[in-house]
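Welcome! Let us take a walk through this structure together, one stop at a time.

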Amino acid sequence: MSVDTETGRRATAAPPSGDVPPAIELRGISKAFGSVQANKDIDILVARGTIHGIIGENGAGKSTLMSILYGFYKADKGEIFIGGKLTTIPDSQSAIRAGIGMVFQHFKLVQNFTVLENVILGAEEGRLLAPSLAKARKVLAELAAEYELDVDPDALVQDLSVGLQQRVEILKALYRHADILILDEPTGVLTPDEADHLFRILQGLKDQGKTIVMITHKLREIMEITDNVSVMRRGTMVATVKTAETSPEDLAELMVGRKVLMHVPKGPANPGKVVLEVENLAVRDEHKVERLRGISLQIRAGEILGIAGVAGNGQSELLAVLGGFANGTGKIRVNGVELDLTGRHSDGQSRRAQGIAHVPEDRQSLGLIMDFTAWENMAFGYHNAPEYQKNWLLMDNDALRADTDKKMATYDIRPPIATLAAKNFSGGNQQKIVVAREMERNPDLLLIGQPTRGVDIGAIEFIHKQIIALRDAGKAILLVSVELDEIMSIADRIAVMFDGRIMGERDPATTNERELGLLMAGMGEASAAPTKGAA
Amino acid sequence: MMDRLPRWADVVLVPLISLLLAAGISALTLLAIGASPMEALTTMVTGALGTPYAWGYTLYYTTSFIFTGLSVIVAFHAGLFNIGGEGQAQLGGLGVALVCLAVPWPHWTLALPAAMLGAALFGAAWAAIPAYLQVRRGSHIVITTIMFNYIGAALIVYMLVNVLRPKGQMDPASAHFPPGSNLPTLHELPGFSLIFTKQVPANVTLFIALLACWLVWVLLWRTRMGYQIRAFGKSDKAARYAGISPFKVTMVAMLISGALAGLMSINNVMGESERLLQNSSEGAGFIGIAVALMGRNHPFGVFLAALLFGFLYQGGAEIGLWTSIPIELRIVVQGLVILFTGALDQMVRMMLGLVFRPRKAEAA
Amino acid sequence: MDYATLLQILDSTLRLGTPLLLACLAGLFSERSGIFDIGLEGKMLMAAMCSGAVAALSGSVWIGLLAGIAGSMMFAVVHGLASITFRGNQLISGVALNFVASGITVLVAQDLFHQGGRTPALTGNARFNAIDLPFAESLRGVPVLGPFYAEVVSGHSALVYVALLAVPVTWWLLYRTRFGLRLRAVGENPASVDTAGVSVVRLRYAAVGIAGLLCGLAGAYMATGLQAGFGREMTAGRGYIALAALIFAKWRPWQALYATMLFGFLQALALRPDVIENIFGFAVPIPLLDALPYILTVVVLAGFVGKAIPPRAGGEPYVKER
């Protein structure tokens, strides 16, 4: 048995007969989606009766790996051992049979079913429901007593809080006799209290001999409850260490990696008057969950404020409110003029009229109409612009095409064919279309989200240069990115967001990735205060 | 594999194959009931295309189908499935009748614009309520437009029986429109009368329909509104980012869609029957769905598909007249075309994909 | 209105409500599994023709009934292929099948009987005849309830009682069995069923099949119970009224019974303008009665009276997400 010596107690000792085999062992797992290698030759060993954390940035391949384990995907290569036995897992049913339970990030619950009904779904005893329900009621009561997993079995799931819904998912897995429980970002949707409760439950499960694999990007949680932790980066397994023998700092470094900073030629900023002022901005999503919890920030003309943070901590909501397609409470002023945040008197159009341009985080679902041609997309959001109108009724498509040709040349968009549909351009060139469209409006404030996600190196450099040129032209820029390199190399100030709040602000010249990584993981409040004083 | 078809194949071959499949199954049906598909086809071709007189009927149907087809595509482009063309067309007919009966029109050139306005307004109004309910109350527009077809039909019956029916008349129909509002048929138009030597139902509305094709094209691909309709239809999420109002787009698209369906009544109510009858649209509202699917959501495609269905309808009528095959054959073909182009399109694409794949492999 | 007239109207209500009820339950199964079914009308029509024709040819209503079910099932399978296997547009598939049914029924009936697309009038064993329930006559003397039992409850064809029985059976299947639990789940959140290791496709086909069966019963009742033979377009929009009733009932079986009987009552009233005038003192326009089911449904759909929330996954083909 090939064993990673760093893995843990049981792994280091070559398993002699009679010893407990590891709960999970993966060998050489690889999986590609098209040209993207999501998992590269992954080995991992999870000891029975432990809580094993898997951390990594977004897109590191954690969820793909676990989906392979749960039979959602088939690995291109590699072997899976469950309890020491070579196991093939072609579908979820096999995973369940092998004793694996999974709590997805997005729950797979039927909203208008009761808890009991959800628990027995697919694991019924016979054709009639009554015996199954009776049995489940009994089992649930036992589980509740044993693991602090109390949920009213007759409550409708839609009436339960997110934390309770998660408990239902755990109950579902336990009801199916899961010995191994995989949780994908389990605390992403929980309040701190709920998260604490979850940890107690997990601890209890572990004490009963269950094995728990927890995928997360939150260092604090890893430190708090895991026994071992594996770090993934860009589809590879970087390291597996004992939690007790590591530190958040080390993990942050492993997670982010020491990437060579790309050199972006950039002079010092010349901040002018305040362009954007945000005061105490709060946003709730359609489920009334608070996604922004009182954000305040300022951006001056001629400077770039970078927002760092792991995806899903409120950055998208911030951009959406500023861009005019989500509502919030609080105050936002641009050039001293207050923006409407209710959506009653504002939309994407009014924002543009107020001098805000927006390169959205997701160019494919927001920034472009993929079936539209490049020239049609060049007017997207600016379809009312006077220079694109022939008269009161007709658009001046010729002018728009000429304008597109010009921008395609300036921004080196390839192929330079204005009549090609957006979906037929590469990711980088799609992004350049959006960037060209938004930057050439000469806005006072540019919102730019994940400007280089899925963009090739050449285009990255180009886009970065454009952003800095726009700054030097005296514009205010709000840059949101999950790429720390990017933020560190082009932002003039860095604010880190976590859980709908700004954890702190740093000067890119004096901070480092480790410090930012801690803030991103929600561990920075204590250290945030002094720097603020210094700044 | 399914999405890898060349564009021309998707635009041309998919509807063509669908049509062939529909024709094939219809032929099998005919064989099964002991009729001859060849006889049916010849009867259809002579009866619908063989003489100018036949064309006069085919084009009459084509005119109606152009309007209802356009109605469906305008809504489709906004991502809305307007199944209510039937009701909107009948309400349009009511608008035409009210206008035509309101004053003793001196000449059709005066009556026509007024009647068009009436038809468009009534048709639009009947589409406006489902549109509003969809965008403000979240009611599914497909279901509400179906319901409005039936409510509309009932309303027409009421109007005909209780309001519009002249005293002493038995059948539920309005009075005949004043002669001054009668539209000239192709036979009565200078120049065209040389070709159409006999009285035919096709009338000046044909030209309005052709104009409407062009106008819809202009609307969708040349105006700001059309731009917003198409963008919203492709991605309502992205449309919100761009500041395109879902309310405005939904309402405008459905109003235009309803107006187009309503305008169909100029052809049949004002141009042909010259009074309002029960069920005036005779299913043309539904044929619009087939026409739109077949025409690949493009006004020019709608024109071609409307011609095809005009042929099918006139040909079907001829079959009903001259052979033992019932006229309902055309409804079967219509249904099959809708089925293959609208619901089994993935199957058709997969079939085509099988044809295209080997060739690609050779090339590679 | 006297009691006798009321009983007459209630009697027609039950007769007219039965096909609505069967079709409504058919739609209930299909839509509860997440497959929209606009094609109730077409399936009923197909079943009516098949059962009418085969009953006329064979002289046996039971063979006719089987043929009706088979005809309806055929359409159900096509709908399943289009909406489950090929993930096509469920609404368009339903609309298309309605047209095919509308045409092909006349084609076949005309070919078989040459009576203008009708089947010959059915008599004797080729029809479902009225069944007198036990004690109907002897209990007639009991005040109020006796005549009600004898006039309204008793004296219908077997399929009426089958339809009424189908309500509790549907309720039981839906809420008391494993199949029902999974069926409801697959219409709400197919991913929940899929991750539990149960086949989404198989469940949905089962539901569409049951819908085919029930529409088959509805259509057969039209041609061999309610009327004596098939006539072109004889369903006359009943499939759509059933759809309206389904929404009105908010996709629940007992409510489906109430809704269809309400709509059946409206149809029965529309046949007796004299009665309406007596009650209201003025003539309520018959078209208003005809339109009332649809108007009520729109009001419900718009959320003015409670909220009609369709099964959440309705109309969406299931694609396994990443």
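What follows goes from the overall build of one chain to single residues, and then on to another chain.

Before setting out, please keep in mind that this is a predicted model. Chain A is a good place to begin. Its secondary structure comes to 19 helices and 20 strands. With a radius of gyration of 26 Å, close to the 24 Å that the globule rule gives for 535 residues, chain A is as compact as a globular protein of that length. If you follow the C-alpha trace along its principal axes, chain A spans about 80 × 50 × 50 Å.

How much of chain A is buried? Of its 535 residues, 58% count as buried. The contacts tell us about the fold too: among those in chain A with a separation of 6 or more, 67% are accounted for by residues 24 or more positions apart. On the outside, chain A exposes about 21,700 Å², and carbon and sulfur atoms supply 51% of that area. Chain A also carries 60 positive and 71 negative charges, and the mean positions of these two groups are 2 Å apart.

Now let us look at some individual residues, starting with L219(A). You will find it in helix α8 of chain A, which covers residues 219-225. Is L219(A) buried or exposed? Its relative accessibility is 0%, so L219(A) counts as buried. Leaving aside residues up to four places away in sequence, L219(A) touches I55(A), P248(A), L251(A), A252(A), G517(A), L518(A), A521(A) and M523(A). Take P248(A) from that list: P248(A) and L219(A) are 29 residues apart along the chain, yet their C-alpha atoms are separated by 6.1 Å.

The next stop is I68(A), in helix α2 (residues 62-69) of chain A. I68(A) has a relative accessible area of 3%, and because buried means under 20%, I68(A) is buried. Beyond residues up to four places away in sequence, I68(A) touches I29(A), K31(A), N39(A), Y73(A), A75(A) and I80(A). For a sense of distance, try E387(A): from I68(A) it is 319 residues away in sequence and 52 Å away in space, C-alpha to C-alpha.

Some backbone details are worth a pause. Most residues other than glycine have a negative phi, and most peptide bonds are trans. In chain A, the peptide bond from R414(A) to P415(A) is cis, with omega near -10 degrees. P415(A) lies in the loop between α14 (397-410) and α15 (427-439).

Chain C offers backbone details of its own. Phi of F135(C) is near 65 degrees, a positive value in a residue other than glycine. F135(C) sits in the loop between α4 (90-113) and α5 (145-153) of chain C, and with a relative accessible area of 61% F135(C) is exposed. A236(C) has a positive phi as well, near 45 degrees. Where is A236(C) found? Its place is in the loop between α9 (200-226) and α10 (238-248) of chain C. At 55% relative accessibility, A236(C) counts as exposed.

Finally, chain C comes with a record to compare with the model. An unreviewed UniProt entry gives the annotation "transmembrane region" to residues 65-84, 91-109, 158-175, 205-224, 256-273 and 279-305 of chain C. In the model, residues 65-84 of chain C are 100% helix and 0% strand, and the end C-alpha atoms of this span lie 27 Å apart. Residues 256-273 of chain C are 89% helix and 0% strand, with end C-alpha atoms 26 Å apart.

Definitions and conventions
Residues numbered from 1 in each chain as written. Chains lettered and ligands numbered in written order. Predicted model: local features only at pLDDT ≥ 70, side-chain atom pairs only at ≥ 80, totals over all residues. Heavy atoms only, no water. Helix = DSSP H or I, 4+ residues; strand = E, 2+ residues; numbered from the N terminus. Rg over C-alpha atoms; globule rule 2.2 N^0.38 Å. Buried < 20%, exposed > 50% of the residue type's maximum accessible area, 1.4 Å probe, protein only. Contact = heavy atoms within 4.5 Å. Areas by Shrake-Rupley, 256 points an atom, 1.4 Å probe, with all protein chains shown as cover. Lys, Arg positive; Asp, Glu negative; His and termini not counted. Charge placed at Lys NZ, Arg CZ, Asp CG, Glu CD. UniProt positions renumbered as here; feature names shortened; annotations may be inferred.
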